[in-house]
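Grab a coffee and open the viewer. The exercises below each set a short task and then walk through a solution.

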Amino acid sequence: MAWNQPGNNGQDRDPWGSSNNNSGNSGGNNNKGGREQGPPDLDDIFRKLSKKLGSFGGKGNGNGGSNNARGVSGRIVGIAAVAVVVIWAASGFYTIKEAERGVVTRFGKFSHLVQPGLNWKPTFIDQVRAVNVESVRELAASGVMLTADENVVRVEMNVQYRVTDPAAYLFSVVSADDSLSQATDSALRGVIGKYTMDRILTEGRTVVRNDTQRVLEETIRPYKMGITLLDVNFQAARPPEEVKAAFDDAIAARENEQQYIREAEAYANQVQPKANGQAQRVLENAKAYKDRTVLEAQGEVARFARLLPEYKAAPEITRERLYIETMEKVLSETRKVLVSDKGNNLMVLPLEQLMRGGQGASNSNSEDSDSLIRLNPANTGLSQGDSGQRPVDSNVMDQRRANAQRDDTTRVGRE
């Protein structure tokens with residue numbers, strides 16, 4: 001007989017050997033058979049689950065009620081466990097930014113580094129700390145420090161650095177930033193203590209910066225803090241406010257000193273070439289004068305050497321010619337002539353009046369008439385009455401000049 005043969009309204013022909021009977025036990029509604037076996041109804045399941053939860057913890061009416069309560073409790077525990085696992089797994093997802101690196105610690109011990117992107121970690125087992133390795137960090141250091149010349153100066157410095165090893169940055173020291181700050185302060189004080197205040201405030205700023213960076217790198221290298229120094233900026237160096245006015249005056253005086261030194265150097269550069277040129281010119285003139293004098297002396301010696309034979313042949317004629325040449329040379333450079341008339345009195349003869357052709361005679365009262373001086377009127381060829389009024393006759397003058405030359409020549413010959 002077929003299992004679905006009609007009979008008893010089809011309720012006693014279940015192929016699983018069960019019937020759809022409702023037992024009288026409370027909560028014992030079992031639906032284990034039927035002509036239609038479809039998907040479970042979720043509303044019915046939740047309704048039954050609510051009913052079971054409402055009766056959980058009360059006294060059961062027989063063994064069937066106790067079994068049903070235990071089954072519902074196991075299901076709740078399973079669902080709760082699955083929910084907890086799902087929540088735990090979902091909470092392990094995290095994201096690391098592009099400029100960061102994740103440092104993973106497992107039960108507090110460093111495990112590995114995580115690259116940027118979406119990652120997963122077992123919650124409560126691993127912990128992740130993101131560290132930015134691309135940003136440039138800054139650290140400011142300042143303070144009042146003592147210089148080599150026992151002065152006090154206030155210095156401000158800025159240090160720029162970057163994290164290159166996240167694990168060493170987090171675990172090598174307690175705090176890498178605090179350690180770097182202390183190392184910077186120590187290095188800066190050590191460098192400032194080696195230089196005088198004047199050099200720190202003026203031309204030594206670059207030297208202080210370079211020395212501070214070098215000492216700071218040497219200080220942090222043994223600690224392996226996972227950071228790299230990029231730059232050290234020496235921002236300001238100034239005296240304390242209490243003595244700032246005095247230092248300003250000292251700086252102004254130093255600037256004036258440098259200005260005066262530059263002006264003196266410029267003046268020296270301007271005057272020294274002129275002085276050197278003048279000295280060289282004097283030396284050249286002296287050398288030329290020396291050469292000229294020597295050559296003239298040599299020429300005179302040569303001339304007298306040529307005249308010696310002639311003098312030996314005709315001494316009188318040679319002496320007269322020498323005398324005439326000498327007088328010609330002397331008289332050509334003077335404007336007045338002293339004329340002697342074989343006596344003790346001399347007459348001063350102005351040649352410029354003679355060259356003007358007797359102009360002094362027509363202007364006897366003019367200024368030029370005073371240039372004719374007669375020391376003894378009796379020997380000048382003028383009468384006593386008109387002394388100082390007329391010039392000497394030209395013929396008399398020529399005769400007296402010839403006599404004077406002859407007398408001088410005779411006197412020279414006698415000597």
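## Exercise 1: A salt bridge between two strands

The side chains of Glu 156 and Arg 238 meet in a salt bridge, with 3.3 Å from N to O. This is a predicted model, in which local features need pLDDT of at least 70 and side-chain atom pairs count only at pLDDT 80 or more, while totals for chains, interfaces and linings use all residues. Residues are numbered from 1 along each chain as its sequence is written, and side-chain values use heavy atoms, with hydrogens and water left out.

**Task.** Find which strands hold Glu 156 and Arg 238, and state how exposed Glu 156 and Arg 238 are.

**Solution.**
- Step 1: Recall the criterion. A salt bridge is a side-chain nitrogen of Lys or Arg within 4 Å of a carboxyl oxygen of Asp or Glu.
- Step 2: Place the residues. Glu 156 belongs to strand 7 (residues 152-163) and Arg 238 to strand 8 (residues 227-238), so the pair ties together parts that are 82 residues apart in sequence. Helices (H or I, at least four residues) and strands (E, at least two) are DSSP runs, numbered from the N terminus.
- Step 3: Check the exposure. Buried means under 20% relative accessible area, exposed over 50%, and partly exposed in between (1.4 Å probe, protein chains only). Glu 156 is partly exposed because its relative accessibility is 23%. Arg 238 has a relative accessible area of 29% and is partly exposed as well.

## Exercise 2: Salt bridges within helices

**Task.** How many salt bridges does the structure hold? Then describe the pair Asp 211 and Arg 214 and the pair Arg 303 and Glu 300.

**Solution.**
- Step 1: Count. There are 11 salt bridges in the structure.
- Step 2: Take the pair in helix 6. The side chains of Asp 211 and Arg 214 form a salt bridge at 3.9 Å, N to O. These two residues sit three apart in helix 6 (residues 205-220), so about one helical turn separates them.
- Step 3: Compare their surroundings. Asp 211 counts as buried because its relative accessibility is 14%, whereas Arg 214, at 38%, counts as partly exposed.
- Step 4: Widen the view. Asp 211, Arg 214 and Glu 218 are linked in a network of salt bridges.
- Step 5: Move to helix 7. Arg 303 and Glu 300 meet through their side chains in a salt bridge of 2.8 Å, N to O. Both lie in helix 7 (residues 244-313), three residues apart, about one turn of the helix. Arg 303 is partly exposed at 31%, and Glu 300 is partly exposed at 37%.
- Step 6: Add the general rule. An α-helix has 3.6 residues a turn, so residues three or four places apart point the same way.

## Exercise 3: The buried faces of two helices

**Task.** Which residues of helix 4 are buried, and which residues of helix 8 are buried?

**Solution.**
- Step 1: Check the span of helix 4. The 17 residues of helix 4 (residues 176-192) should span 24 Å at 1.5 Å a residue, and its end C-alpha atoms are 24 Å apart, which agrees. The expected span is 1.5 Å times one less than the number of residues.
- Step 2: List its buried residues. They are Ala 176, Leu 180, Ala 183, Thr 184, Ala 187, Leu 188, Val 191 and Ile 192. They cover an arc of only 155 degrees around the axis, which puts them on the same side of helix 4. The arc is that of the directions from the helix axis to the C-beta atoms.
- Step 3: Look at the other side of helix 4, where Gln 182 and Ser 186 are exposed.
- Step 4: Repeat for helix 8 (residues 315-331). Its buried residues are Thr 318, Arg 319 and Tyr 323. Seen down the axis, the buried residues of helix 8 fall within an arc of 135 degrees, so they line one face. On the other side, Ile 317 and Glu 328 are exposed.

## Exercise 4: An open sheet

**Task.** In what order do the three strands of the open sheet lie, and which are the edge strands?

**Solution.**
- Step 1: Read the order. The three strands run 3-2-5, with antiparallel pairing. Two strands pair if DSSP finds at least two bridges between them.
- Step 2: Name the edges. Strand 3 and strand 5 (126-132) are the edge strands, each pairing on one side only.
- Step 3: Inspect one pairing. Strand 2 (residues 100-106) and strand 3 pair in the antiparallel sense over five bridges. Val 104 has His 112, in strand 3, as its bridge partner.
- Step 4: Finish with Lys 109, which lies in strand 3 (residues 109-114). Lys 109 counts as exposed because its relative accessibility is 64%.
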